Amino acid sequence: AAGASAKARGARGAARPPFKAKPRPTGSTGPTGPTVAAGDLGAQLPSEAAAARPTLKYDRRWATWRKDADAAEAVGLVAVIWADMRIEMEDLRLAPLMREMKELLCEQLGEEAVVSIVDEHFLQLHRLFVCLLASAEDCQRIWDTWRPRKLLSGAATVTWRDTIDAGSSRLVPRLKTCWNPMRLDMDGMSLEIPSKWATKEVNKAVKCMPGSHWHEFARIFGEVLEVDLVASHSEMAQLVVKFADSSGAYAAYKKLSGRCLYKSQKDLSLIRVVYGSYAILLGKALRSVTTPWSCQAKDLTAGGDGPGPIFELFPVRPGEQAKSGEVLRIVPWGPAFITMGKSRKCDFYVTDDTAGVSNSHAELQLMQSRAAGIRLFISDISKNGTWVNEHRLPKGALRELKDGDQLRLADVPRFVLRTFESLQQCQRAPIPVDGPEFKVPPCPYFIKKVKSTSHQSKQSKQSKQEASHLSSLKDLKGTNAWAEVPRVPEDDGTELWAEVPQLPEEDSPSEPEPPGPVMRKRARR
């Protein structure tokens, strides 16, 4: 009987379908943040994340970094050639001029040779930068035909004044001298990518999980702490990356500058990237997908004017200074508990009803000890979370706030804390706007501004070496498809830049990368 009952239970168990968890609705918001629709590039979790950092592998000008089955879908890099064109014309008819330039270059170099013509610096420099997908030998062959060339029935004069080859081995050394000129805190990167490559949904910000496509792409440049994908209603999305230190941003600067992203050989995108503080870059990106918000702070300084410390909390928006009514000042003679949220009963409240801020979102608390004096702490009591320096606080736990800390309430960025010794000093201090950033355009034309400071004897020796390079370049013409276009002499008599370049090599992990700008040695007098 026992055996029969066991067989019956086994039969019932075999017939029972396996348990399946109910899938979470697409785009829903969970305790760890919003999810992404299935099939979106960068949102999928593989079976296990790769332990080793991916590296770029170049096949002539095209670089890939994935070896698995999804390698065909991965976004790669391509080393393009930039033609620096000087424009002389009276009327600014750029559209017909760019159209005629593209037609002529495609006739000379190939039907799909012109990737894009960048005109964003025209009013300042009177130059257009043409992104070319062609060999350096072909560019050298047609260069003389653009020195100069009359277009628009003679109304415009176009001169091919310079060439920047992103596949040259001389590009990275020149980029190093231009890195981080303002000595900023570089722990973040904001990279523009086409929205169609990133996600099918718009007006949304998501976290890219370890092992997903864009998280692994960011790991090419260094150790990654956070990767955010912010997709707005425009055609471009923002990939915001937080590196463990500044060496990650420095490596990205060397590997991305002057190149293009590609999904296929016919689907390319120019690289526009900004380096700076991760919190600032993420705050700017989130502003494109969240509705405009404002806040209101109650005056807690009435009733006295004693010694500090004085804590000041104010919002920071891109290109906009906080108003006086939006600044919260916390003083020792005021209340010890300060509430933050969406309810107007709070001491500091967000006025946007559509924001993800709870009615009572966070609490600020003043505490005093004999050793450390008066200190300010924050605790999260919300549903959607509170972040300090982009680290989410455990619910109910106390976290001390220090000068310069940045707060984010759910999807409302960004509040900055300052400390002062007295209330008068606090009232006199100007409220800053968003911090500076290091923006790199698609064409790294800025490297041409770097002048050599070597001794005259070294210059003459180098000119002889470059003359030999030019002669060897003529000998290799027709046999070496990687022969680099010689650099056009500047008006000030600077030297030629010509060599037979090598493919960009992967940086050695053991080679130290300076976190700040590379400084040149002074020449001996």
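**Stop 1: helix α2**

Start by selecting residues 94-109, which form helix α2 in this predicted model. Try a ruler check here: at 1.5 Å a residue, the 16 residues should span 22 Å, and the C-alpha atoms at the two ends are indeed 22 Å apart, so expectation and model agree.

Now colour the buried residues of α2: L94, L97, M98, M101, L104, L105, C106 and L109. As you look along the helix, keep this in mind: an α-helix has 3.6 residues a turn, so residues three or four places apart point the same way.

Step just past the end of α2 and you reach G110, whose phi is positive, near 135 degrees.

**Stop 2: helix α9**

Next, select residues 278-287, helix α9. How many of its 10 residues are buried? The count is 8, so α9 is largely enclosed by the rest of the structure. To see them, highlight Y278, A279, I280, L281, L282, G283, A285 and L286.

**Stop 3: the nonpolar cores**

Which residues touch the most other members of the largest nonpolar core? Select W214 and Y275: they hold that place in a core of 62 residues. Helix α8, residues 246-256, supplies the largest share of this core, with 6 residues. Another core, of 30 residues, lies apart from it; I81, F122, L128 and A134 are among its members. There is a broader pattern behind such groups: in soluble globular proteins, nonpolar side chains tend to be buried together.

**Stop 4: cysteines**

Select C139 and then C295. C139 has 0% relative accessibility and C295 has 2%, so each counts as buried, the cut-off being under 20%. If you are hunting for disulfides, a search of the whole structure finds 0.

**Stop 5: P148 and K150**

Go to P148, in the loop between α4 (136-142) and β9. The peptide bond joining R147 and P148 is cis, with omega at about -15 degrees.

From P148, move along to K150, in strand β9 (residues 149-151). Is K150 buried or exposed? With a relative accessible area of 55%, K150 is exposed. Show its side chain together with that of T157, and you will find a polar contact of 2.9 Å between the two. Beyond its neighbours within four places in sequence, K150 is in contact with A156 and T157.

Add E88 to your selection for a sequence-versus-space comparison. K150 and E88 are 62 residues apart in sequence, while their C-alpha atoms are 9.7 Å apart in space.

**Stop 6: two positive phi angles**

A little background for this stop: most residues other than glycine have a negative phi, and most peptide bonds are trans.

Select H126, in the loop between α3 (122-125) and β8 (127-132). H126 is not a glycine, yet its phi is positive, about 55 degrees. With a relative accessible area of 44%, H126 is partly exposed.

Then select R183, in the loop between α5 (171-176) and β11 (188-194). R183 also has a positive phi of about 55 degrees without being a glycine. Its relative accessible area is 58%, so R183 is exposed.

**Stop 7: S382 and its partners**

Jump to S382, in the loop between β24 (373-380) and β25 (386-388). Although S382 lies in a loop, it counts as buried, at 3% relative accessibility.

What does the side chain of S382 reach at 3.0 Å? Look for the backbone nitrogen of G385. The side chains of S382 and H361 are also joined, by a polar contact of 3.3 Å. To fill in the surroundings, show S358, S360, H361 and K395, which S382 contacts once neighbours within four places in sequence are left aside.

**Last stop: colour by confidence**

Finish by colouring the chain by pLDDT. The mean is 77, and 72% of the residues reach 70 or more. Select residues 449-461, where the pLDDT is below 50; this stretch has 14 contacts in the model beyond near neighbours in sequence. Then select residues 464-525, where pLDDT stays under 50 and the model has 117 contacts beyond four places in sequence. A word of caution for both stretches: where pLDDT is low, the predicted coordinates should not be read in detail.

Note on methods:
Residues are numbered from 1 along each chain as its sequence is written. This is a predicted model: local features need pLDDT of at least 70, side-chain atom pairs count only at pLDDT 80 or more; totals for chains, interfaces and linings use all residues. Side-chain values use heavy atoms; hydrogens and water are left out. Helices (H or I, at least four residues) and strands (E, at least two) are DSSP runs, numbered from the N terminus. Buried means under 20% relative accessible area, exposed over 50%, partly exposed in between (1.4 Å probe, protein chains only). Contact means heavy atoms within 4.5 Å. A polar contact is a pair of N or O atoms within 3.5 Å; within protein, one must be able to donate a hydrogen and the other to accept it, and residues adjacent in sequence count only if both atoms are side-chain atoms. The expected span of a helix is 1.5 Å times one less than its number of residues. A nonpolar core is a set of buried Ala, Val, Leu, Ile, Met, Phe, Trp, Tyr and Cys residues joined through side-chain atoms within 4.5 Å. pLDDT is the predictor's confidence in each residue, from 0 to 100. A disulfide is a pair of cysteine sulfur atoms within 2.5 Å.
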